[in-house]
Amino acid sequence: MTQLSTKIKIYANKEIDFRNEVRLQDDGNGAYIKEWNLDIAQPTEAQLNALETQANDYEYNQGQIQKRQIEYGSPSEQMEFITENGLTAWQTKVTEIKTRFPKR
């Protein structure tokens, strides 16, 4: 099950400031929208539930991106690799990393 915050990001089609724009609360029975300060209508539970698959894919992809970034190394490590091995070798390495950590 995906995070409510992820469904809201997808519904609003933007990054959300969860301190000012939308406030979530969990009193022990699951998270819910406590305060909605966006210029679009607050979504219903049914609308948010309809975004479950998209939100699940988004969260999965974010995890894959984090794994890729670790494998890529820092920008200075990337430049060192390219300098020592060439751009074609770097492109091959990137393709291998993307194959190991595919996005949906």
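Two strands pair if DSSP finds at least two bridges between them. That rule applies here to β1 and β2, where Val22 stands opposite Trp36 in β2. The model is a predicted one.

## Overall layout

The protein chain has five helices and two strands. From the N terminus on, the order of elements is α-β-β-α-α-α-α. The radius of gyration of the protein chain is 19 Å, well over the 13 Å that the globule rule gives for 104 residues, so the chain is more spread out than a compact globule. The C-alpha trace spans about 55 × 25 × 25 Å along its principal axes. Buried residues account for 22% of the 104 residues. Take the contacts between residues at least 6 apart in sequence: 55% of them join residues at least 24 apart.

## The hairpin

Strand β1 covers residues 22-26, and strand β2 covers residues 31-36. The two run antiparallel and are joined by five bridges. Together β1 and β2 form a hairpin, with four residues between them. Gly28 sits in the turn and has a positive phi of about 105°.

Gln25 belongs to strand β1. Is Gln25 buried or exposed? Neither label fits: Gln25 is partly exposed, because its relative accessible area is 25% and buried means under 20%. Beyond its neighbours within four places in sequence, Gln25 is in contact with Gly30, Ala31, Tyr32 and Lys34. Gln25 and Glu35 are 10 residues apart along the chain, and their C-alpha atoms are separated by 8.9 Å.

## Helix α1 and the main core

Helix α1 spans residues 4-12. Its buried residues are Leu4, Thr6, Lys7, Ile8 and Ala12. Their cover includes β1, β2, α2 (45-49) and α3 (52-72).

Which residues make up the largest nonpolar core? There are nine: Leu4, Ile8, Ala12, Ile16, Val22, Ile33, Trp36, Leu38 and Leu48. The elements that give two or more residues to this core are α1 and β2. The largest share, three residues, comes from α1. In soluble globular proteins, nonpolar side chains tend to be buried together.

Trp36 is a member of this core. Leaving aside neighbours within four places in sequence, Trp36 is in contact with Ile8, Tyr11, Glu21, Val22, Ala41, Gln42 and Pro43. Apart from the largest core lies another, of five residues, among them Tyr72, Trp90, Val94 and Ile97.

Asn13 follows α1 and lies in the loop between α1 and β1. Asn13 is not a glycine, yet has a positive phi of about 60°. Asn13 counts as exposed, because its relative accessibility is 69% and the cut-off for exposed is over 50%.

## Aromatic groups and charges over rings

How many aromatic pairs does a search of the whole structure find? The search finds three. One aromatic cluster is formed by Tyr72, Phe81 and Trp90. Tyr72 and Trp90 are also among the residues of the five-residue core.

Two rings have a charged end sitting over them, as tabulated here.

| Charged residue | Ring | Distance from ring centre |
|---|---|---|
| Lys93 | Phe81 | 4.8 Å |
| Arg104 | Tyr60 | 4.0 Å |

Phe81 thus appears twice: in the aromatic cluster and under the charged end of Lys93.

## Helix α3 and its partners

Tyr60 lies in helix α3. Tyr60 counts as partly exposed, at 31% relative accessibility. Beyond its neighbours within four places in sequence, Tyr60 is in contact with Pro102, Lys103 and Arg104. Tyr60 and Gln47 are 13 residues apart in sequence, and 21 Å apart in space from C-alpha to C-alpha.

Gln64 is in helix α3 too. Gln64 is buried, because its relative accessible area is 4%, where buried means under 20%. Leaving aside neighbours within four places in sequence, Gln64 is in contact with Phe101, Pro102 and Lys103. Pro102 and Lys103 therefore touch both Tyr60 and Gln64, where contact means heavy atoms within 4.5 Å.

Definitions and conventions:
Residues numbered from 1 in each chain as written. Predicted model: local features only at pLDDT ≥ 70, side-chain atom pairs only at ≥ 80, totals over all residues. Heavy atoms only, no water. Phe/Tyr/Trp six-rings, centres within 6.5 Å; stacked < 30°, edge-to-face > 60°. Lys NZ or Arg CZ within 6 Å of the ring centre and 35° of its normal. Buried < 20%, exposed > 50% of the residue type's maximum accessible area, 1.4 Å probe, protein only. Core = buried A, V, L, I, M, F, W, Y, C linked by side-chain atoms within 4.5 Å. Rg over C-alpha atoms; globule rule 2.2 N^0.38 Å.
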